[in-house]
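Subject: Handover of a structure

Dear colleague,

Please find below the structure that I am handing over to you. My notes on what was found in it follow.

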Amino acid sequence: MTCANARRIVNISWNFRQEPYYNYLALLDACTESKSLSIGKSIHQHILKHNHCNDNNSNILDKLTRFYISCSRIDLARHMFDEIPNPDRNNKTILWNQMIRAYAWNGPFEKAIDLYYEMVESGVRPTNYTYPFVVKACSAMLDVENGVKIHEEVKKHGLDGDVYICTALVDFYAKCGLLVEARQVFDGMWQRDIVAWNAMISGCSVNGLYLEMMGLVFEMQENGLTPNSSTIVAILPATAEANKLREGKAVHGYSMRRGFVKDVVVDTGILDVYAKCGLLNYAQRIFRVMSFKNEITWSAMIGAYITCDSTQEGLELFEHMRVEDTGSPSPVMLAAVIRACAKLNDLRRGRKMHGYTVKSGSNLDLMVSNTLLSMYAKCGRIDDALTFFEEMCLKDSVSFSAIIAGCVQNGHAEEALQIFQMMQSSGVQPESATVMGILPACSHLAALQLGVCTHGYSIVRGFTEDVSICNALIDMYSKCGKVNIARIIFDKMNKRDVVSWNAMIAGYGVHGHGKEAISLFYDMQTVAQMPDEITFIGLLFACSHSGFVAEGKYWFFSMCQEFKISPRMDHYLCMVDLLGRAGLLDEAYGFIQNMPFKPDVRIWSALLAACRIHKHIVLAEEVSNKIQYLGPESPGNFVLLSNLYTTAGRWDDAAHIRIKQKDSGFKKSPGCSWIEINGVVHAFAGGDQSHPQSAKINEKLKELSTEMKKLGYSAESSFVYQDVEEEEKEQILLYHSEKLAVAFALLNLDPTKSILVTKNLRVCVDCHSTLKYITLITKREITVRDASRFHHFRDGICSCGDFW
């Protein structure tokens, strides 16, 4: 019966009450076959109007259910299905299967699983046709719990040898990342068709197991099966991710010989392989010759431009796509374009894309929202990122990880810790990316307790198998004053990259452990790990802060001659700092003059700092003029010269420099110190009286001052740069930020614990001297991390040897 017969019922006036019941069944069959929704609905209306559902109810409802399934109106189909009375419905196993299949293919997927359980509870026994559909629904939802239960039912009913069920189970386990279980099912199949092989191959591919995937492809061919287009589509993603260009070209050639290259999915996969392997021109050729391009193809080509550092061209292609009116961009494409804006630091276009996503409603997609969040952070607009984060209706671990990383990258470590605490309280589980964001925040704030907790969490979750996580832990412990623990982590790493060695060498350097840094560098050569330019920055820094002038010179020239690494500005900076700290100011000046490129402000600032330490006013004035000519980058250079004049008693010159600083728009950064007590970070500014315990802190400092004077302490008043009386200078020195932090720690920290204070500026000579005396009085170990290095105070001695 054709669709014309169905139209007859609405085009011809007749007495529907007299229309035979079986004609309705035939007409509904015709509408089902032709998927004629409007005509089928008209027939349904006539059936309801003339009350034909009362007689032979089950068969008509059955036909209506099948009709609505064929027209993809699963909601109406379910309504008809539920109207079928029992026990008739329980005898319609095929209809149950069709309903489950409809949900499994079109969603909502959870309804396929619910209907399966309803089927079982109704006493209807699932068949070998039921299980592939419900397992497919579990795959779509990555529902491991229900998938495993259904697998047990399959075994219980003796259907675990069915090729279709087993293929669905292989696909389910593979998509859920359970490759061992997938392989067990696959190996247990006594018969495997091409679909089963493709499911297993695809599982290895999506999980990044390239070698295992190719092994299956070869094994499949040995079993007499030839790869089809679906096999090629499964192979290509892993080939692209593994950057296997030669193999990718071989697959491309095979696809051309077999005639697969006219398939848009195959062509898009080949395009992606060439893009990921850096052959943008090959990807462009594939794109140009494609007669049909779907949205995924456009996304792949835009992604190719971005991957191959032709980001601007990628954005232009996106605009061209919109002009061609190829339809609304998918969330995946929008996320790629927003990432491109972030990569170019193009805030204007990023905002434009944000507006477009709002208009199209795509901003409600979590992936798009997370990418927008990251874009604002990478463009330095952390306030906008925070505002957008607060407005997000839905947040996942990626959202929290992005905003935490953004805060840290933009110098807002405290906000990062607060958001991390919010994440924990909201029940969102931190992932490895979150840990990679929070550890640098702990490093910056010297938040050791939180860092230790994060380390423990990483061990439990298995994150410490990741080299990057271990590298971040080495950096965190080093910057929190626990370089010995950093070394333990380093020694226990199963695999190390150059970043691991660099982090450990830098950790020794910032603690002034020059011998250990050099020894580790020799170990690095022993295991044939090639150093890079960052390695030598850490090594030269360690030599500088340990007073190893000869060793520093040796490694600088070895870097050029033996390791063939051309020195960068940072290497010259380390050398100037090394010579300047050692008092070799003329040699440092000559070294700068012989640089192969023009020294920047940082180089001259390092020499100016050395002039300040060694009180070389004449050279300091010359260096200051050079800095003024280049343009100072910070108030630090004004402060150094002003302080130098003040130390020499040249108050008018000091005042002139400070006026010049003010006119240039620079403000001196106030001294600030912070300390972590019981997981809470407390901050102090010099002379600050705002802390709730200020009265107790002041009393403690006065008590310590009295005890120190008994031991011979005398305030270094030359480090007070105001023209005031000696007594007032002593009071100013007493309330420097690091002293406030130490006094607070003595009042609140367990006496058995050492004290760790972090300061944003270099510790002054008076504070350095004071902290030595405090360790004698209190018998406590005190560690201060200033802007230059770590100072470990114990029994009246500092680890820096008074060289900083």
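**Two cis peptide bonds beside helix α6**

Pro87 is placed in the loop between α5 and α6. Helices here are DSSP runs of H or I with at least four residues, strands are runs of E with at least two, and both are numbered from the N terminus. The peptide bond that leads from Asn86 to Pro87 is cis, with omega near 10 degrees. A second cis bond joins Gly107 to Pro108, with omega near -10 degrees, and Pro108 is in the loop between α6 and α7. Most residues other than glycine have a negative phi, and most peptide bonds are trans. Gly107, just after α6, has a positive phi of about 80 degrees.

**Basis of the model**

Please note that this is a predicted model, in which local features need pLDDT of at least 70 and side-chain atom pairs count only at pLDDT 80 or more, while totals for chains, interfaces and linings use all residues. Residues are numbered from 1 along each chain as its sequence is written, and side-chain values use heavy atoms, with hydrogens and water left out.

The pLDDT is the predictor's confidence in each residue, from 0 to 100. Its mean over the chain is 87, and 89% of the residues reach 70 or more. Over residues 721-726 the pLDDT is below 50, and this stretch has 13 contacts in the model beyond near neighbours in sequence; a contact means heavy atoms within 4.5 Å. Residues 9-18 also have pLDDT under 50 throughout, with 16 contacts beyond four places in sequence. Where pLDDT is low, the predicted coordinates should not be read in detail.

**The chain as a whole**

The chain contains 43 helices and six strands. It has 804 residues, of which 50% count as buried; buried means under 20% relative accessible area, exposed means over 50%, and partly exposed lies in between, with a 1.4 Å probe and protein chains only. About 37800 Å² of the chain is exposed, and carbon and sulfur atoms supply 52% of that area (Shrake-Rupley method with a 1.4 Å probe; for residues, only the protein chains shown count as cover). Among contacts with a separation of 6 or more, 63% are between residues 24 or more positions apart.

**Helix α6 and the annotated repeats**

Helix α6 covers residues 93-106, which makes 14 residues. From first to last C-alpha it reaches 20 Å, close to the 20 Å expected at 1.5 Å a residue (the expected span is 1.5 Å times one less than the number of residues). Its buried residues include Leu95, Trp96, Met99, Ile100 and Tyr103. The buried residues of α6 pack against α4 (57-70), α5 (74-83), α7 (109-121) and α8 (130-141).

An unreviewed UniProt entry lists "repeat: PPR" for residues 92-126, 193-227, 294-328, 365-395, 396-430 and 466-500. UniProt positions are given in the numbering used here, feature names are shortened, and annotations may be inferred rather than shown by experiment. In the model, residues 92-126 are 77% helix and 0% strand, with end C-alpha atoms 11 Å apart. Residues 396-430 are 74% helix and 0% strand, and their end C-alpha atoms lie 9 Å apart.

**Two residues with positive phi**

Asp309 has a phi near 60 degrees, a positive value in a residue other than glycine. It is found in the loop between α18 (295-307) and α19 (311-323), and at 61% relative accessibility Asp309 counts as exposed.

Ala446 also has a positive phi, of about 55 degrees, although it is not a glycine. Its place is in the loop between α26 (432-445) and α27 (448-461), and Ala446 counts as buried because its relative accessibility is 5%. Beyond four places in sequence, Ala446 touches Lys479, Cys480, Trp674, Glu676, Leu756, Thr758 and Arg785. Ala446 and Trp674 are 228 residues apart in sequence, yet their C-alpha atoms are 8.3 Å apart.

Ser443 is in helix α26 and is buried, with a relative accessible area of 2%. Its contacts beyond four places in sequence are Asp475, Met476, Lys479 and Arg785.

**Cysteines**

How many disulfides does the model have? The count comes to zero, where a disulfide is a pair of cysteine sulfur atoms within 2.5 Å. Cys767 is in no disulfide, and the nearest cysteine sulfur, that of Cys764, is 3.5 Å away. Cys767 is buried, with a relative accessible area of 0%, whereas Cys393 is exposed at 79%.

With kind regards
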